[in-house]
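Please look over the chain shown below before reading on; the report then takes up its helices and loops in turn.

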Amino acid sequence: MEKFVQNLNESIAKEMKNIEDVFETSILVAQEATKVYGNGMAQLRTFISTYSFKNNKEEIHFFKHLKPTIQSQLIYYSQICDIESRRPIGSIPVIKQYLIDELNHLNHFFDKNAVIYQYFRLNKMNYDTHFFLRHQMIDDAVISEDLIYGKDPYFTTPCDFKIAKIMANQELFIYLNNEYVKLDHPELANVSNFKKSSWTGKKIWMIELAYSLYCSGVVNHGNASIIEIVGILEQAFNISLSNCYGMFSDIRKRKKNQTVFIDILKEQVIRRIDEPLELPIKFPN
């Protein structure tokens, strides 16, 4: 099962790279992406219809992590299509208000689904057998009407769609913030014109870097918000940091060495200063 999902994700990644190389506007990319991820979900559904999970643990892993990862992208790009197709043509204040309204809708979603959102954010597991096994029934206070969407008794659990929606909306929140920032800083829209480079380190390391730039006040004389800095890094390194606040919260919870990546950078720079020869940089796993 893991191998099938891995191959599917690799295939989707290749298709998405081709789409991003061909199409320039977000709405065109989103339109093509919905086809790719829609097809991916169809393949996933077909596979699961004939697959027997080894045990509850494997089934929970699939519906808590593997399926939502793909489905969240289908939801995300579908929402981009809808938002961009309705974006008003008018003055900057009009467009700003439109984006603020969309952000408020997202905040309302997170407030309405606070129980499952906190469960997801804190990576809890105590109700996994209720939330992520098929044919389970739980309290209506946790499940909203979204469960009805695309319900299939062999491909749906009480909360897997909700987790996918949360993941999608976290990413959408960053997208909308970036669009808002670019109205005041149009130069940010041109960052994507540079040759794309990919971030190959851990996402949480990028968050350390973003907050170090933000807290030190070295971007735009200290006037750049954390969202602006995250947006710049996302576009420059072709990475999605949809849960930057959550990851920063995780950094704050570290018992030892809260600045792992920054310490690695300092160590490697000092090493390079002391040794003029080219040395390979190895990051811990």
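## Helix H8 and its surroundings

Helix H8 (residues 203-216) has 14 residues and should therefore span 20 Å at 1.5 Å a residue, which agrees with the 20 Å between its end C-alpha atoms; the expected span is 1.5 Å times one less than the number of residues. This is a predicted model, in which local features need pLDDT of at least 70, side-chain atom pairs count only at pLDDT 80 or more, and totals for chains, interfaces and linings use all residues. Residues are numbered from 1 along each chain as its sequence is written, and side-chain values use heavy atoms, with hydrogens and water left out. Helices are DSSP runs (H or I, at least four residues), numbered from the N terminus.

In H8, Ile204, Trp205, Met206, Ile207, Glu208, Ala210 and Tyr211 are buried, that is, under 20% relative accessible area, where exposed is over 50% and partly exposed lies in between (1.4 Å probe, protein chains only). Among the elements covering these buried residues are helix H9 (226-237), helix H10 (244-252) and helix H11 (260-274). Gly217, with a positive phi near 65°, follows H8.

Two asparagines in loops also have positive phi, although neither is a glycine.

| Residue | Loop | Phi | Relative accessibility |
|---|---|---|---|
| Asn220 | between H8 and H9 | about 55° | 40%, partly exposed |
| Asn257 | between H10 and H11 | near 50° | 41%, partly exposed |

Elsewhere, helix H4 (residues 92-112) and helix H7 (residues 160-184) pack at an angle of about 160°, with their axes 10 Å apart. H4 and H7 are therefore roughly antiparallel, a term for angles over 145 degrees.

Conventions:
Axes are lines fitted to C-alpha atoms, for helices over the stretch in contact, and angles run from 0 to 180 degrees between N-to-C directions. Helices (H or I, at least four residues) and strands (E, at least two) are DSSP runs, numbered from the N terminus. Angles under 35 degrees count as roughly parallel, over 145 as roughly antiparallel, 65 to 115 as roughly perpendicular and the rest as oblique. Contact means heavy atoms within 4.5 Å.
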